[in-house]
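Visitor: I have a few labels I would like explained. Please show me the structure, and then tell me what each label rests on.

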Amino acid sequence: MVPTETKSVEGKDAVWKKALDLLKRPTSLGLAGTLGIAVGVIGWGGFNTAMEATNSLEFCTSCHEMRDTVYQEYKTSIHYSNPAGVRAICSDCHVPKDWTHKIVRKVQASNELWGKLTGSISTPEKFEAKRLELAKHEWARMKASDSRECRNCHSFQAMDFQHQRPKSAEQMQKAMNEGGTCIDCHKGIAHKLPDMTTGWKSIYSDLVAAAATTAPKAGASVTTLATKGFWLTKPASADAAVDGRLLAPTPVAVLESDGGFVKVAVSGWQQEGAERIVYALQGKRIFVAALGSDTVDKVEHGKTVTDPDTEQKWTEAKLAVWVKSDLMTAEAARVDAFGQEMFGASCGLCHAAPPLGHYLANQWIGNLNAMKRFVALDDEQFRFLQKWVQLHASDTGGHK
């Protein structure tokens with residue numbers, strides 16, 4: 001009788017013998033499996049090597065579009081050279097570390113090959129023309145990921161606020177407590193900040209150009225693009241003394257068109273004791289028109305209400321006036337886009353722009369005036385921005 005242990009050993013030997021026989025057969029599953037593993041390892045290694053090669057600083061600066069522009073700016077930044085000797089290269093800021101997001105980002109970046117082939121930024125002039133557009137794409141990506149790549153090196157938890165400048169420490173802790181993210185405030189860290197005005201100026205130029213070739217017609221609803229003088233009766237020329245002014249953006253209804261002038265219907269509210277100003281809404285300091293002293297008596301009045309919070313009396317006001325037919329547009333959506341672009345460029349440069357619905361219409365006046373010295377807007381542009389923001393405040397049915 002053969003011992004059980006001997007049978008067990010013989011069984012194992014037989015298994016190994018069969019396995020070796022399979023490996024010796026060129027067409028066997030064993031050989032196919034071995035080759036599959038080898039190909040997989042080599043393929044994966046090659047793919048990963050190529051992936052990492054495209055993350056190198058040398059690769060990122062191998063084309064003149066990057067080497068002659070943003071790379072030169074990067075070399076003057078603290079991310080390139082600093083007392084600690086720690087350098088963040090392109091991929092550290094622009095490519096996720098984790099595999100899933102990295103693959104997604106690489107697929108997205110493949111679109112840049114088309115830009116290279118078509119020469120969309122092949123000259124410094126072309127690059128500058130698209131700098132804002134390119135930057136906004138990257139800022140949006142970083143915002144959406146909560147500045148994931150920034151947080152590979154920086155985190156609120158690791159910060160020693162005592163060793164930061166007082167103002168910086170205050171802003172950092174505010175962002176930490178309110179859910180702010182790095183790119184909200186740090187848009188011009190490694191590269192030159194784009195001209196933030198180019199976006200809204202381009203929209204405005206298009207609106208003005210279109211308005212110059214399209215005269216408003218009776219029955220149309222149009223919005224003023226700039227402050228416009230008005231007359232109670234059609235003037236002989238635009239040089240005639242005005243009877244008041246309309247402030248932009250003000251929607252008006254076109255009643256009549258005659259040559260280079262149109263008669264429009266203006267409506268709003270007047271506050272008792274301040275009748276020379278027409279406001280867009282009762283109780284809201286949103287300016288529609290400034291009336292001349294002789295114009296006040298020409299206003300048609302409707303109902304009067306008393307504001308329960310201030311006990312001020314407000315009366316509905318209507319007025320038909322003549323204005324020049326230029327600088328008015330029926331493209332309300334484009335006017336809204338213009339205001340949105342101006343707001344983002346002016347109020348979202350140094351910090352995250354507050355939600356439009358964060359303040360009441362009257363509160364926006366003080367908030368914007370406090371920041372006026374930091375924005376590159378003239379008085380006309382600032383008035384436009386203030387009114388647009390007020391019309392989108394929490395108590396005017398605007399954006400929340």
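Visitor: Why is Cys-63 called partly exposed?

Guide: This is a predicted model, so the value is computed from it. Cys-63 has 23% relative accessibility. Buried means under 20%, and exposed means over 50%. The 23% of Cys-63 lies in between, so Cys-63 counts as partly exposed.

Visitor: How do you know that Cys-63 is too far from Cys-60 for a bond?

Guide: The closest cysteine sulfur to that of Cys-63 is in Cys-60, 8.7 Å away. A disulfide needs the two sulfur atoms within 2.5 Å. Therefore the pair does not qualify. Cys-347 is in no disulfide either: its nearest cysteine sulfur, that of Cys-350, is 10.0 Å away. The count of disulfides comes to zero.

Visitor: What makes Cys-347 buried?

Guide: Its relative accessible area is 12%. The cut-off for buried is under 20%, so Cys-347 is buried.

Visitor: Now the rings. How many aromatic pairs are there?

Guide: The count comes to eleven. One of them joins Tyr-71 and Tyr-74.

Visitor: Why is the pair of Tyr-71 and Tyr-74 called tilted?

Guide: The centres are 6.1 Å apart, and the planes make an angle of 35°. Pairing requires centres within 6.5 Å, so these rings pair. Stacked needs under 30 degrees and edge-to-face over 60. The 35° fits neither, so the pair is tilted. The two residues are three apart in helix α5 (residues 70-74), about one helical turn. Tyr-71 is buried at 17% relative accessibility, and Tyr-74 is buried at 4%.

Visitor: What makes the pair of Tyr-74 and Tyr-80 edge-to-face?

Guide: Here the planes are 85° apart, with 5.2 Å between centres. Over 60 degrees counts as edge-to-face, so the label holds. Both Tyr-74 and Tyr-80 are buried.

Visitor: Which residues do ring pairs link into a cluster?

Guide: Trp-200, Tyr-204, Phe-338 and Phe-384.

Visitor: How do you know that Lys-187 lies over the face of Trp-139?

Guide: Lys-187 is 5.8 Å from the ring centre of Trp-139. The distance limit is within 6 Å, so that part of the test is met. The charged end of Arg-285 sits over the ring of Tyr-279, also 5.8 Å from its centre.

Visitor: Which residues make the nonpolar surface patch of about 330 Å²?

Guide: Trp-44, Phe-47 and Trp-99. Phe-47 lies in helix α2 (residues 29-53). Its relative accessible area is 38%. A patch residue needs over 30%, so Phe-47 passes on area.

How values were computed:
Residues are numbered from 1 along each chain as its sequence is written. This is a predicted model: local features need pLDDT of at least 70, side-chain atom pairs count only at pLDDT 80 or more; totals for chains, interfaces and linings use all residues. Side-chain values use heavy atoms; hydrogens and water are left out. Buried means under 20% relative accessible area, exposed over 50%, partly exposed in between (1.4 Å probe, protein chains only). Rings of Phe, Tyr and Trp (its six-membered ring) pair if their centres lie within 6.5 Å; planes under 30 degrees apart count as stacked, over 60 as edge-to-face and the rest as tilted. Helices (H or I, at least four residues) and strands (E, at least two) are DSSP runs, numbered from the N terminus. A charge sits over a ring if NZ of Lys or CZ of Arg is within 6 Å of the ring centre and within 35 degrees of the ring normal. Patches are made of residues with over 30% relative accessible area and no salt bridge: like charges are joined within 9 Å, nonpolar side chains (Val, Leu, Ile, Met, Phe, Trp, Tyr) within 5 Å. Accessible areas come from the Shrake-Rupley method with a 1.4 Å probe; for residues, only the protein chains shown count as cover. A salt bridge is a side-chain nitrogen of Lys or Arg within 4 Å of a carboxyl oxygen of Asp or Glu.
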